[in-house]
Amino acid sequence: MTDYADPDWLRGRIRDVLEFYYPTCIDERHGGFVAQLDAETGAVYDPDAKHLVATARFTRNFALAADRFGEARWAEAAERGVRFLHEQFRDADRGGYHWLLEGTTPVDSRRVCYGHAFVVLAYARASEAGIPNAAEYLAEAWALLDDRFYDPDRGLYRSSYDADWTAADAYRGQNANMHACEAALAAAEATGERQYGDRAATVAKRLCVDLADDGRIWEHYDADWRPDYDYNRDEPAHQFRPWGYQPGHHAEWAKLLVALDDHVDADWPATRARELFETALTGWDEGRGGFYYTLDRDGDPVVEDKYGWEVAEAIGAAAALSDLTGEDRYREWYDRLWAYATAHLVAPAGNWYERVDAANEPYPTGDGPAVEPGYHPIGACEEAFWRLCE
């Protein structure tokens, strides 16, 4: 029987994901990385598209690998990512980071909070790994996020602006704020500065306590932070903003709240972490395994596909809650989630499929810019190391 908390086994899973992408992902023509690899064959299907989120996630992955394995190739890849973010994605004239490049040419310059949060996180992890300039860039990126996106009257972040920062989208989303909280926690760990933990606590309490919808977290809001229950109702499988409750985000918040528990002198993060994990489990498919992508307001499945990131976040949450509480049920869920992942989500080369259908059959790789270069499975393994092995 596999010991999913064995350090060597976890190291092997991290290496499998890293080596599926590396060195194919290194873009020698433009700099940065290529994320568009076919999940089955590893062949590049689009050598030019570069998404801000994918670049930040690659950078974080390689920074963690540099720390975990101490190999020069991973530090060099992380340095490449830091340099490309700062020199190509950053708009030195108008401030902020482009959303999408083609090679090194901006093709979508919206200023998106979700993407900027991942930039902060990438610089934070790179700073921890000792990557040159990362600490300086972290401070700059945080100041930008704080100045442009944060609304101190609401204690939450706006979602997006146009390229010139002249008009803010009226939409507000919990997802961008969740990742801003994640970024703040990473910055707190990298710097030891209290401001980051305080901000993470403010955002988390607003969404997980103050705005909780019968204990659950709704995804979409208007400019006054009133729930918008019609937003994207006609696009239930939207890549970033699907309609409905997402079990995966409840698990992800559970993981983040356990981390936040180390930064605040209060009981609510640990209490809500446990509650949100239970809420996530209402989206588990008891017959076939995996989390439904979305649920309606009655708790019934809307999109029955299962996404790898949801299971990876739940693995991390189960490990964190096992460490926090010492309760066997969380370790049992940790094992159950890994068993499902290895049976249905891990591709032959060791990478993870982005999604499978309701019967756990993988979908073919899509043709758009990729944003998930193994970020979530590597994160699941790192959380397990921290909580169960170290």
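This is a walk through the structure, stop by stop, with something to select at each one. Keep in mind that you're looking at a predicted model.

**The whole chain**

Start zoomed out, with a cartoon of everything. You should find twelve helices and 13 strands. Along the principal axes, the C-alpha trace spans about 50 × 45 × 40 Å. How does the radius of gyration compare with that of a compact globule? For 390 residues the globule value would be near 21 Å, and the protein has 19 Å, so the two agree.

Now colour by burial. Buried residues make up 58% of the 390. If you draw a contact map and keep separations of 6 or more, 64% of those contacts join residues 24 or more positions apart.

Switch on the surface next. About 14,900 Å² is exposed, and carbon and sulfur atoms supply 42% of that area. Then select the charged side chains: there are 39 positive and 73 negative ones. The centres of those two sets lie 2 Å apart.

**The cysteines**

Which disulfides turn up? A search of the whole structure finds zero. Select Cys181 to see one case: the nearest cysteine sulfur belongs to Cys208 and is 7.5 Å away, and a disulfide would need the sulfur atoms within 2.5 Å. Cys181 has a relative accessible area of 2%, so it counts as buried.

Hop over to Cys389, which is in no disulfide either. Its nearest cysteine sulfur is that of Cys381, 9.7 Å away. Is Cys389 buried or exposed? Neither label fits: at 27% relative accessibility, Cys389 counts as partly exposed.

**A cis peptide bond**

Go to the loop between helix H1 (7-21) and strand S1 (49-51), where Pro23 sits. Show the backbone as sticks and check the bond from Tyr22 to Pro23: this peptide bond is cis, with omega near 5°. For background, most peptide bonds are trans, and most residues other than glycine have a negative phi. That second point sets up the next stop.

**Two positive phi values**

Select Trp165, in the loop between strand S7 (160-161) and strand S8 (172-173). Its phi is near 65°, a positive value in a residue other than glycine. Trp165 is buried, since its relative accessible area is 9%.

Next, jump to Asp214, in the loop between helix H7 (194-210) and strand S9 (220-221). Here phi is near 55°, again positive in a residue other than glycine. Buried or exposed? Asp214 is exposed, with a relative accessible area of 71%.

**Around Pro247**

For the last stop, bring up helix H8, residues 247-260, and pick Pro247. Pro247 counts as buried because its relative accessibility is 3%. What does it touch, leaving aside neighbours within four places in sequence? Show side chains for Ala280, Gly283, Phe291, Tyr292, Tyr293, Thr294, Leu295 and Glu310, which are the contacts of Pro247 beyond that window.

While you're there, draw a C-alpha to C-alpha distance from Pro247 to Gly299. The two are 52 residues apart in sequence and 10 Å apart in space.

Note on methods. Residues numbered from 1 in each chain as written. Predicted model: local features only at pLDDT ≥ 70, side-chain atom pairs only at ≥ 80, totals over all residues. Heavy atoms only, no water. Helix = DSSP H or I, 4+ residues; strand = E, 2+ residues; numbered from the N terminus. Rg over C-alpha atoms; globule rule 2.2 N^0.38 Å. Buried < 20%, exposed > 50% of the residue type's maximum accessible area, 1.4 Å probe, protein only. Contact = heavy atoms within 4.5 Å. Areas by Shrake-Rupley, 256 points an atom, 1.4 Å probe, with all protein chains shown as cover. Lys, Arg positive; Asp, Glu negative; His and termini not counted. Charge placed at Lys NZ, Arg CZ, Asp CG, Glu CD.
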